[in-house]
Amino acid sequence: MNAFKTPLRLLRWHLRRARQWLRYRRLDAPVLFGNSFPKSGTHLLTQVLAGFARLGPVVDSGLPAITVFEGTSGVQRPIAEILRQIDRLRPGDVGFGHLHALPEIVAALCREGVAPYFILRDPRDVAVSHVFFVTERETDHVHHEYYTQVLANFDERLQVSITGRPELDISFPDINARFAPYVGWLQRPEVLTLRFEQFVEDQQAALGQVFDHAIARGFCHDGDRAQAIQTLAAAIDPQRSPTFRSGKVGGWREHFTPQHKELFKQVAGELLIALGYEKDLDW
């Protein structure tokens, strides 16, 4: 079955592009690319970007996420292969992935003709979400068997999602080290950095930023801005965005024991301060 998935996706992508071309007689919008630290609202951001197809010559490519690591093996993918996937995206396409700020990838996503976005989330909530994802949702994940058959309970799994598994040959470092390769995106003016929490606390403002960034990067829209933002809001389907459906600001407090808190402070306390989620280590 998997052998047929990619050709079918490509066919559907080309059909969507043809349909949008017939509608607008042009496909000259920038590539809208939603990048994220995993478990930070990837599906939510991608849905919003796909909503631009209701506003102009934009196409939800439907192509799979472009990632640095293979999900089922944890092996790092060749940079040339990643760049080929990025280069495959055509004007107006919506793409998404989990991509480190490596020089070649930065150059590919920050070039003219691309509107890049990066979404992040409180790393404590990310750690909790990671446990549920690996344990319950992604049975093919490289760590699923370890989480479900070796680790005895949620507390042990959360500890590993914080500390990683440095004993492995494949890369699964602690959460601070996992975030480090993404820091470079925060320093790029071409990239709009968003926080998952913004969509929970003030969705209209967050969507306004998304829309304005697309305009600044070359998306043309002559209609009413407020109506356009409502159109993007209507594209959000919580049932297809598990993080947004179940996520809430500060939900980690329901799962962290005092031991988890101290461990997280040791591993990534400074990261929380650097990202603005805490002012100090007194939390």
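Select Cys-110 to start: with a relative accessibility of 10%, Cys-110 counts as buried. Buried means under 20% relative accessible area, exposed means over 50%, and partly exposed lies in between (1.4 Å probe, protein chains only). Keep in mind that this is a predicted model, where local features need pLDDT of at least 70, side-chain atom pairs count only at pLDDT 80 or more, and totals for chains, interfaces and linings use all residues. Residues are numbered from 1 along each chain as its sequence is written, and side-chain values use heavy atoms, with hydrogens and water left out.

**Cysteines**

Now select Cys-220. Is Cys-220 buried or exposed? Cys-220 counts as exposed, at 52% relative accessibility. A disulfide is a pair of cysteine sulfur atoms within 2.5 Å. By this rule, the count of disulfides is zero.

**Strand 4 and its partners**

Select residues 93-98. This is strand 4, and six of its six residues are buried. Helices (H or I, at least four residues) and strands (E, at least two) are DSSP runs, numbered from the N terminus. Turn the strand to look at each face. On one side sit Asp-93, Gly-95 and Gly-97, all buried. On the other sit Val-94, Phe-96 and His-98, also buried.

Which strands pair with strand 4? Two strands pair if DSSP finds at least two bridges between them.

- Add strand 1 (residues 31-36): it runs parallel to strand 4, with four bridges. Find Gly-34, which stands opposite Phe-96.
- Add strand 2 (residues 59-60): it pairs with strand 4 in the parallel sense over two bridges. Here Asp-60 has Val-94 as its bridge partner.
- Add strand 3 (residues 66-67): two bridges join it to strand 4, again in parallel. Look for Ile-66, whose bridge partner is Gly-97.

**Helix 1 and a surface patch**

Go to helix 1, residues 2-24, and pick out Leu-11. Leu-11 is partly exposed, with a relative accessible area of 48%. Add Leu-8 and Leu-15 to the selection. Together with Leu-11 they form a nonpolar patch on the surface, with about 280 Å² of accessible area. Accessible areas come from the Shrake-Rupley method with a 1.4 Å probe; for residues, only the protein chains shown count as cover.

**Helix 9**

Last stop: select residues 196-201, which make up helix 9, and find Val-200 there. Val-200 counts as partly exposed, at 36% relative accessibility. Then select His-43 as well. How far apart are Val-200 and His-43 in space? They are 14 Å apart, C-alpha to C-alpha, and 157 residues apart in sequence.

Methods:
Patches are made of residues with over 30% relative accessible area and no salt bridge: like charges are joined within 9 Å, nonpolar side chains (Val, Leu, Ile, Met, Phe, Trp, Tyr) within 5 Å. A salt bridge is a side-chain nitrogen of Lys or Arg within 4 Å of a carboxyl oxygen of Asp or Glu.
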